[in-house]
Amino acid sequence: MDAPAAEVTLSGDDVRRMTLRAQGFLGATSWPRSPAGVTAMLRRVGAVQLDTISVLARSHELVAYARLGPVSRQAIEQAYWHASRPAAFEYWAHAACVLPLGQWPYFAFRRRAFRARGVRWHQATPETCEKVLARLRAEGPLTATQLGGAKGGGPWWDWSDVKIAVEWLLDTGEVICVRRTGWRRVYDLPERVLPDELLGAEPSDAECLAHLAGVTARALGVVAQADLTEYHRLNVQYAPLLADAALAAGLTPVAIEDPSGGSGSRPGWADPAALAEEAAGRRGRHRVTLLSPFDSLIWDRKRTRQMFGFTHAIEAYVPKPKRVHGYYAMPLLAGGRLAGRADPARDGTTLVARQVSLDRASAAEPMAQALREAASWVGCDDVRLERVEPAPWAPRLAAALAELG
């Protein structure tokens, strides 16, 4: 189906403001600094990526902190993985993500695709799968270690037969993960966790895509087709269905101006509520914070370049001699712009900025603010600068830190 002609044209600045507001970085938020606030944030952004790296904190904690400020890490963990009242589950969205529990039915398309394919990374045997399910039925929630061990007998990446089986059951929806303990997934049966209305729902692929198009638009404010694909990492087979999905989700067709300043535009869709807020001229206060390299604001590198003129890379996976900004370079968000990066570490109760890269001299003061706040959040009482680029701006940053105490 061809999209109807757009009556609204959005500039690059419009898109940037709408995205920052949608992601929780612009304007006053009613999200409290509590598990309830984290849950509300998760529902708004739709998905929070998980990653094994922990520098200041793990990425899923940093995502909540960036939006809510210094909410306690215990409150964040409680919100994601509450033992008695689960509000979220873990599944494959942009990557391995924490997702609002209510989204469970709308990943049925991916579970069906896994079952149709029959394999992901490893081949699971039906016998081992049935043994895993039998133990979960009899004993309740278990980790892979409790099920018999996650590692096989080979190299460090080699999974045991039990780990292969339980991960396959997770892929296909025969088990669910709503909790972690000691950073290990705790596997359970969906029928023990999900309310009946979620457990019994089996929407079609088209219904799933329409729902996820709405999730993505609410999370970003305004989207092009590439955004609908990238946010939940949809396969190319779904591309022809996304325009229909956007319209079925009730999104408003818009034209997005060429970010390079050319005369052309590209089609897109806006969340109606985000469009109304922008039309009303709402501005509000910008958050000053360091972002996880895995934050959903900067998932899409091309969109990040277009929206902020900022080239983002996750250098933890780059060989050390080739790193430009550092192992875990965290972008600085200030004044609605990405204005630099800091590569943090901890030395006792000192936050160590191993490398700070500033895009402009005036970013020194917000960088100092962001470093001080992050230090306090993780229980550090001092900040130490090791390297600042460009070097002539180091004194200004040091002075700003000193002024903040």
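Strands β2 and β4 (residues 96-100) are joined by 2 bridges and run antiparallel. In this predicted model, the two strands belong to an open sheet of 3 strands in the order β2-β4-β3. A further set of pairings centres on strand β11 (residues 330-334), which forms bridges with β10 and with β12.

**The sheet β2-β4-β3**

- The pairing within this open sheet is antiparallel.
- Strands β2 (48-49) and β3 (88-92) lie at the edges and have a single partner strand each, so one side of each is left without a neighbour in the sheet.
- Where β2 meets β4, V48 is positioned opposite V98 of β4.

**Strand β11 and its partners**

- Strand β10 (residues 289-290) is connected to β11 by 2 bridges, and these strands run antiparallel.
- In this pairing, T289 faces L333 in β11.
- Strand β12 (residues 337-347) pairs with β11 over 5 bridges, also in the antiparallel sense.
- The bridge partner of M330 is A342, a residue of β12.
- A hairpin is formed by β11 and β12, with 2 residues between them.
- Within the turn of this hairpin, G335 has a positive phi of about 60°.

**Burial of β11**

- Strand β11 is mostly covered, with 5 of its 5 residues buried.
- On one side of β11, the buried residues are M330, L332 and A334.
- On the other side, P331 and L333 are buried, and both faces of the strand are thus covered.
- M330, which has A342 as its bridge partner in β12, is among the buried residues of β11.
- L333, which stands opposite T289, is likewise buried.

Conventions
Residues are numbered from 1 along each chain as its sequence is written. This is a predicted model: local features need pLDDT of at least 70, side-chain atom pairs count only at pLDDT 80 or more; totals for chains, interfaces and linings use all residues. Side-chain values use heavy atoms; hydrogens and water are left out. Two strands pair if DSSP finds at least two bridges between them. Helices (H or I, at least four residues) and strands (E, at least two) are DSSP runs, numbered from the N terminus. Buried means under 20% relative accessible area, exposed over 50%, partly exposed in between (1.4 Å probe, protein chains only).
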